[in-house]
Structure formats: C-alpha cells, structure tokens
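Here are some short exercises to help you find your way around a new structure. Take them one at a time, and keep the 3D view open while you read the solutions.

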Amino acid sequence: MLHIVNKSPLERNAVDTCLRLATKGSAVLLIEDAVYAATKGSAVSAKVQAAMANLKVYALAPDMEARGVAGRVMEGVNLVDYNGFVDLVAEHNNCQSWL
Amino acid sequence: MSDVTGGIDMDDETEGVVKKFMFLNRKAPYGTIYALESLEVVLISAAFDQDVSLAFVDDGVYQIVKGQHTKGIDQKNFSPTYRALEGYDIEKLYVDKDSLEARGLSEEDLLVDVQVLDSAAMADKMAEQDVVISF
C-alpha cells in the first residue's frame, strides 16, 4: 500500500498515525506540508528515521524546494518528482490518503 | 475631511489613534492560504500608520525560511515580501525560539532580520498588544 500524507507533522498527527498504522514494506509519500517530516533535525526526525527501518519513505521534491527545505532532506528519504508520484501510485495495489 | 482617510470624515476622538496590532502567524506557507492572506492584511495595515508587529510561532516560522523556490508547484513565491516590510516601517518581527528549535532551524536559516524570543518574552509581547490578529 502507498500512504500519502499532506499535513505538517508538527501541526497535525496525520504523519504520526500513518507511521503507526502502515504495515511493514509499505510506502509513505510525503507531499505539501508533510514534506517537513522529511527534514533532519526536527522534533519528529527521530520517529521518521526509525520508521524507515520498515517503510520506504518518499518526499515530493517540488514541495520541498518551494518551502526552502530541499537542502535539509533526511538521509534515507527518496525524493520524487510528479512523474515519480504517478509511478508510485501505479505500482502499488492501493493508496491511502491521510487528510 | 482628511487625506489620510481618503476623504472619509472621522470624528476628532478617533482620528490619529495609534494602536498596537500584532499579526500572529502559525501556519506553514503554500499548504494553506493563511500565510499569504496574513501578509496581505499586514501590508494593508501599513497604510493606516499603526504600530504593527508580526509574530512567527509553530509552523509559522517556516514562512520566513530562506531559499524558497516555488516554480515546481506553480504558486507565487511570496517570501521576498517579508524583506520589503521594512520599507513600510514594519520592523518588529518576533520569532518563537522553541518553534525554531523544534524544526531544526536557527536564526541563520531565516531570510529577514528578526528578534528571537523565548516563551516568556513572546508572552509579554502578546500581552502588551491592543489587538492580536491570528492566522
């Protein structure tokens, strides 16, 4: 399953709940304000880093660039563009959008 | 009649009253419209010769992070506008220290000169306002 999250991890608990309920081997794509969850040195970095042991974490590069945080990407996070976003949706059996 | 009010009559009691206005920003830019709307209202307020300050708390600190490039998401990059506020005599920009640290940011990551305040100092700034407008 592909989990898509678009809410800031420091304002809402969507990232938190997603990481808690995503099964091993699932993919998590961080878009819009959720890309802050892919930055290093934040209060949620350790939690996301730990989750990457069981999950593949992706972040949408244009959203990171817009927010000035493209240079702060956490190690292990895979950056994708819009084509990569489409590929992820196509290659997974199902998607869950965390609103 | 007054030029300042665009020809609208104001009685002598209210004319020339300067109040302390704080715009409190707590949302990240781009994901929602709040940050841009706040900036629009701040610029409008500058036309009324009021004592204006901006506070950046929680995800609001992300509004003034350096290096924003929005071409890829097809939205206007409004971050340079924060640097223009000085030209409108809006020079009181306060940033919550705890919010910066929780995001792995420091004052050097910000695109405009600010005063970084601890919780007690930020609380005092808020308490001394006549009006706090929250975004």
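**Exercise 1.** Find the residue in β3(A) that is the bridge partner of Leu29(A).

*Solution.* In this predicted model, the bridge partner of Leu29(A) is Tyr58(A), which lies in β3(A). Now step back to the strands themselves: β2(A) and strand β3 (residues 56-60) of chain A run parallel and are joined by four bridges. Finally, follow the chain between them. The path leaves β2(A), passes through helix α2 (residues 45-51) of chain A and arrives at β3(A), a β-α-β crossover that is right-handed.

**Exercise 2.** Work out how β1 and β2 of chain A are paired, and over how many bridges.

*Solution.* Start with the ranges: strand β1 covers residues 2-5 of chain A, and strand β2 covers residues 27-30. The two pair in the parallel sense, over four bridges. Next, look at individual partners. Leu2(A) has Ala27(A) of β2(A) as its bridge partner. The link from β1(A) to β2(A) goes through α1(A), and this β-α-β crossover is right-handed. Then take Val5(A), whose bridge partner in β2(A) is Leu30(A). Helix α1 (residues 14-21) of chain A packs on the sheet and touches β1, β2 and β5 of chain A. The direction of this helix makes about 170° with that of β1(A).

**Exercise 3.** Put the strands of the chain A sheet in order and name the edge strands.

*Solution.* The sheet is open and has five strands, in the order β4-β3-β2-β1-β5 (chain A), with parallel pairing. At the edges are β4 (78-80) and β5 (95-98) of chain A, each of which pairs on one side only. On average, neighbouring strands of this sheet are turned by 25° against each other, direction ignored.

**Exercise 4.** Now turn to chain B: list its elements from the N terminus on, then describe its sheet.

*Solution.* First, count: chain B has four helices and five strands. From the N terminus on, they run β-α-β-α-β-α-β-α-β. The five strands of the open sheet are ordered β4-β3-β2-β1-β5 (chain B), and the pairing is parallel. Here the edge strands are β4 (115-117) and β5 (131-134) of chain B, each pairing on one side only. Neighbouring strands are turned by 25° against each other on average, direction ignored.

Next, zoom in on one pair. Strand β1 (residues 20-25) of chain B pairs with β5(B) in the parallel sense over four bridges. Within this pair, Met22(B) stands opposite Val132(B) in β5(B). Helix α1 (residues 34-46) of chain B packs on the sheet, where it touches β1, β2 (51-56) and β5 of chain B. Its direction makes about 165° with that of β1(B).

Last, consider chain B as a whole. Of its 135 residues, 31% count as buried. Among contacts in chain B with a separation of 6 or more, 69% come from residues 24 or more positions apart.

**Exercise 5.** Describe the contact between the two chains: how many residues does each one give, and which helix of chain A gives the most to its side?

*Solution.* Begin with the totals: 22 residues come from chain A and 19 residues from chain B. On the side of chain A that touches chain B, helix α3 (residues 61-66) of chain A gives the most, with four residues. Then sort that side by class: six residues are nonpolar, eight are polar and eight are charged.

Notes. Residues numbered from 1 in each chain as written. Chains lettered and ligands numbered in written order. Predicted model: local features only at pLDDT ≥ 70, side-chain atom pairs only at ≥ 80, totals over all residues. Pairing = 2+ DSSP bridges. Axes fitted to C-alpha atoms, helices over the stretch in contact; angles between N-to-C directions. Contact = placed C-beta atoms within 7 Å. Nonpolar A, V, L, I, M, F, W, Y, C, P; charged D, E, K, R; others polar. Buried ≥ 20, exposed ≤ 12 C-beta atoms within 10 Å, placed from the backbone. Right-handed = clockwise from strand over helix to strand, strands pointing away.
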